[in-house]
Amino acid sequence: MVQKHIHHGKSSRKHLDTEEVLSKIGLLRGDIFLDAGCGDGYFSIAASSKVEDSGKIYAIDIYKDSINHLKNEIQNNSIINIEPIVADITTKIPLPDESVDKCLMANVMHGFDKEQELDNVMSEISRVIKSGGNFFVVEFKKIKGTPGPPLDVRLNGTDIKDIVINYGFSFESSHNVGKYHLLVKFLRK
Ligand SMILES: C[S@@+](CC[C@H](N)C(=O)[O-])C[C@H]1O[C@@H](n2cnc3c(N)ncnc32)[C@H](O)[C@@H]1O
């Protein structure tokens, strides 16, 4: 059996301020939010109080240990609106068509690009986001130095735009977040 390569990567928790990122995302009460490749889920935990009990957060990662870590945090904080899911989003996102208002993919896209898995992933992202919804990509800026992945696998704003606009999205805006990251916002047409 061929073992699937999983690009784990580190949590960006140390380098990003959830409030700064979530303020750019503009979550509203009742929103359905997808944290795609959520890792330890620290964005999902912070988003939980923004969408309130009428909203819902789907936190998806392929790595069971990360999802188990998130499950513990959910239990310890008595959170009821996050659904942690183990899934491989290069195969299928286990959500219905047009069921998500806002989706964040933080520090994951470069890994799919490197492994040439982006076409499946982006088709699935496009399928689950509602028309009029938003997709947010956060990546380490394509500049030399640590922290972050090797320079040659990093994506700049133009790379991200050139990828995402092929999947039914239009570019909305680009922002620096924290010292090292770029956030790019798209609209699902
Ligand atoms: C660099 S971490 C980023 C985690 C989190 N978004 C953050 O910013 O801290 C990349 C995450 O993508 C997940 N991942 C990699 N391949 C995946 C796949 N095929 N399906 C779902 N998640 C995947 C990894 O398990 C890892 O948690």
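Select C103 first: in this predicted model, C103 is buried, with a relative accessible area of 0%. Next, add C38, which is also buried, at a relative accessible area of 6%. Do these two residues form a bond? A distance between the sulfur atoms settles the matter: the sulfur of C38 is 11 Å from that of C103, its closest cysteine sulfur, and this is too far for a bond. From the other side, C103 likewise takes part in no disulfide, the nearest cysteine sulfur being that of C38. A search of the whole structure returns zero disulfides.

**Strand β1 and D35**

Move to D35, which is found in strand β1. Is this residue buried or exposed? D35 counts as buried because its relative accessibility is 1%. Display its side chain together with that of S44, and a polar contact of 2.8 Å appears between the two. Then show the surroundings of D35: beyond its neighbours within four places in sequence, this residue is in contact with G41, F43, S44, Y58, A59, I60 and L104. For a longer view, draw a line from the C-alpha atom of D35 to that of R188; the two atoms are separated by 16 Å, while the residues lie 153 apart along the chain.

**The largest nonpolar core**

Select L34, M105, M109, M122, I125, F135 and V164 as a group. Within the largest nonpolar core, which has 33 residues, these are the members that touch the most other members. Colour by element to see where the core comes from: two or more residues are given by each of β1 (32–36), β2 (56–61), β4 (100–106), α4 (109–114), α5 (118–128), β5 (129–140), α6 (157–164) and β7 (181–188). The largest share, five residues, belongs to α5.

Centre the view on M122. Leaving out neighbours within four places in sequence, its contacts are M109, F135, I163, V164, Y167 and F169. A second, separate core of 26 residues can be located from L16, V21, F33 and I67, which are among its members.

**Helix α5 and R127**

Show α5 on its own, then restore the rest of the model. Eight of the eleven residues of this helix are buried, so α5 is largely enclosed by the rest of the structure. The buried residues are L118, V121, M122, E124, I125, S126, R127 and V128.

Within α5, stop at R127. Its relative accessible area is 19%, and R127 therefore counts as buried, the cut-off being under 20%. Which backbone oxygen does the side chain of R127 reach? It is that of I93, at 2.8 Å. The side chain of R127 is also joined to the side chain of E124 by a polar contact of 2.8 Å. Not counting residues up to four places away in sequence, R127 touches K92, I93, L95, P96, D97 and E98.

**The aromatic cluster**

Select F135, F169, F171 and F186, which form one aromatic cluster. The count of aromatic pairs comes to four. Take the pair of F171 and F186: the ring centres are 6.2 Å apart and the planes stand at 70°, so the arrangement is edge-to-face. This pair links distant parts of the chain, with F171 in strand β6 (residues 169–177) and F186 in strand β7, 15 residues apart. Their accessibility can be checked next: F171 counts as partly exposed, at 34% relative accessibility, whereas F186 is buried, with a relative accessible area of 0%.

Two charged side chains complete this view. The charged end of K161 sits over the ring of F171, 4.3 Å from its centre. R188 lies over the face of F169, at 5.7 Å from the ring centre.

**The loop at N81**

Finally, go to the loop between α3 (64–76) and β3 (82–86), where N81 is found. N81 is buried, with a relative accessible area of 3%. Which backbone oxygen should be displayed beside the side chain of N81? The side chain of N81 reaches the backbone oxygen of E52 at 3.0 Å. To complete the surroundings, select S48, V51, E52, D53, G55, K56 and I57, which N81 touches when residues up to four places away in sequence are not counted.

Terms used: Residues numbered from 1 in each chain as written. Predicted model: local features only at pLDDT ≥ 70, side-chain atom pairs only at ≥ 80, totals over all residues. Heavy atoms only, no water. Core = buried A, V, L, I, M, F, W, Y, C linked by side-chain atoms within 4.5 Å. Buried < 20%, exposed > 50% of the residue type's maximum accessible area, 1.4 Å probe, protein only. Helix = DSSP H or I, 4+ residues; strand = E, 2+ residues; numbered from the N terminus. Contact = heavy atoms within 4.5 Å. Polar contact = N/O pair within 3.5 Å; in protein donor to acceptor, adjacent residues only side chain to side chain. Phe/Tyr/Trp six-rings, centres within 6.5 Å; stacked < 30°, edge-to-face > 60°. Lys NZ or Arg CZ within 6 Å of the ring centre and 35° of its normal. Disulfide = S-S within 2.5 Å.
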